[in-house]
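Take a look at the structure below. Then follow the report from one feature to the next.

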Amino acid sequence: MLKTAVAGLSRVANSLAIAANALGTLVVLALVVVLNVDVIARGLFSAPLRGTYEMVQFSVVMIVFLQLADVVRVDRLTRSDGFLNLLHHRRPGLTANLRRIINAISAIFMALIAYVTFPEFLHMWQTQDYFGVPGLFTLPWWPVKLVIACGTALACVILLLKVVTAQDRPQLIRTPEHDEAAE
């Protein structure tokens with residue numbers, strides 16, 4: 001029963017992480033379009049696109065937190081695994097426990113970020129705070145706060161699932177010239 005619930009939660013969390021990553025990729029593409037339009041408008045018409053600076057700031061934060069959960073899911077979050085990879089060959093049980101501890105601590109930090117950011121989202125939603133230059137270009141703050149809260153909460157869930165299932169053993173990436181089977 002518990003195994004089925006964990007597997008179901010894992011499928012849902014993984015699907016959400018993949019969807020958020022895809023949305024983050026679309027934001028990257030939109031940012032590329034905005035920057036190209038700005039460059040063309042500056043070059044041809046000597047008239048920059050208003051709000052480019054604000055849109056870049058807005059987009060970069062959204063991209064990071066939209067793609068965070070999927071990065072955690074595929075074990076590509078930046079951390080130093082050199083020591084753990086060396087230790088794995090000699091003490092695989094200890095290494096697995098250290099990975100679980102690291103994931104648990106990471107989950108706590110993600111939960112804290114979500115916990116702090118969600119009330120900020122609610123406040124920004126109610127007050128309709130914005131950033132930018134009034135009269136020129138402004139964007140509301142609440143979408144950024146919502147993405148941060150949701151992205152860190154989803155990353156927290158995925159990290160907790162890794163702790164519960166103990167399925168966190170990143171495989172080393174080897175290039176074909178270092179592959180023994182290729183010889």
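Where is the place of F109? F109 sits in helix 4. Keep in mind that this is a predicted model.

## A nonpolar patch

F109 has a relative accessible area of 54%. The cut-off for exposed is over 50%, so F109 counts as exposed. F109 also belongs to a nonpolar patch on the surface. Its partners there are I101, I105, I108 and L112. Together these residues make a patch of about 500 Å².

## A buried threonine

Helix 4 also holds T117. Is T117 buried or exposed? T117 is buried, because its relative accessible area is 7% and the cut-off for buried is under 20%. The side chain of T117 has a polar atom 2.7 Å from the backbone oxygen of I113.

## Salt bridges within a helix

How many salt bridges are there? The count is 4. Three of them are described in this report, beginning with D38 and R42. Their side chains meet with N and O 2.9 Å apart. Both residues lie in helix 1, which covers residues 2-45. They are 4 residues apart, about one turn of the helix. D38 is buried, at 7% relative accessibility. R42 is partly exposed, at 48%.

R73 and D70 form another salt bridge. Here the closest N and O atoms are 2.6 Å apart. Both residues belong to helix 2, residues 52-73. They are 3 residues apart, so about one helical turn separates them. Which of these two counts as buried? D70 does, with 8% relative accessibility. R73 is partly exposed, at 26%.

## A salt bridge between helices

E120 and K145 also meet in a salt bridge, with 2.8 Å from N to O. This pair links distant parts of the chain. E120 is in helix 4, residues 92-127. K145 is in helix 5, residues 142-165. The two residues are 25 residues apart. E120 is partly exposed, with a relative accessible area of 32%. K145 has 17% relative accessibility. The cut-off for buried is under 20%, so K145 counts as buried.

## Helix 5 and its end

How many residues does helix 5 have? Helix 5 has 24. From its first C-alpha to its last, helix 5 reaches 34 Å. That is close to the 34 Å expected at 1.5 Å a residue.

What comes just after helix 5? A166 follows there, and A166 takes a positive phi of about 55 degrees.

## Two strands and a hairpin

Strand 1 covers residues 130-133, and strand 2 covers residues 137-140. The two strands run antiparallel, joined by 4 bridges. Which residue of strand 2 does Y130 stand opposite? Y130 faces P140.

Strand 1 and strand 2 form a hairpin with 3 residues between the strands. In this hairpin, G135 takes a positive phi near 90 degrees. One general point helps when you look at strands. In a regular strand, side chains alternate between the two faces of the sheet.

Conventions. Residues numbered from 1 in each chain as written. Predicted model: local features only at pLDDT ≥ 70, side-chain atom pairs only at ≥ 80, totals over all residues. Heavy atoms only, no water. Buried < 20%, exposed > 50% of the residue type's maximum accessible area, 1.4 Å probe, protein only. Expected span 1.5 Å × (residues − 1). Patch = residues over 30% accessible without salt bridge, like charges linked within 9 Å, V, L, I, M, F, W, Y side chains within 5 Å. Areas by Shrake-Rupley, 256 points an atom, 1.4 Å probe, with all protein chains shown as cover. Pairing = 2+ DSSP bridges. Polar contact = N/O pair within 3.5 Å; in protein donor to acceptor, adjacent residues only side chain to side chain.
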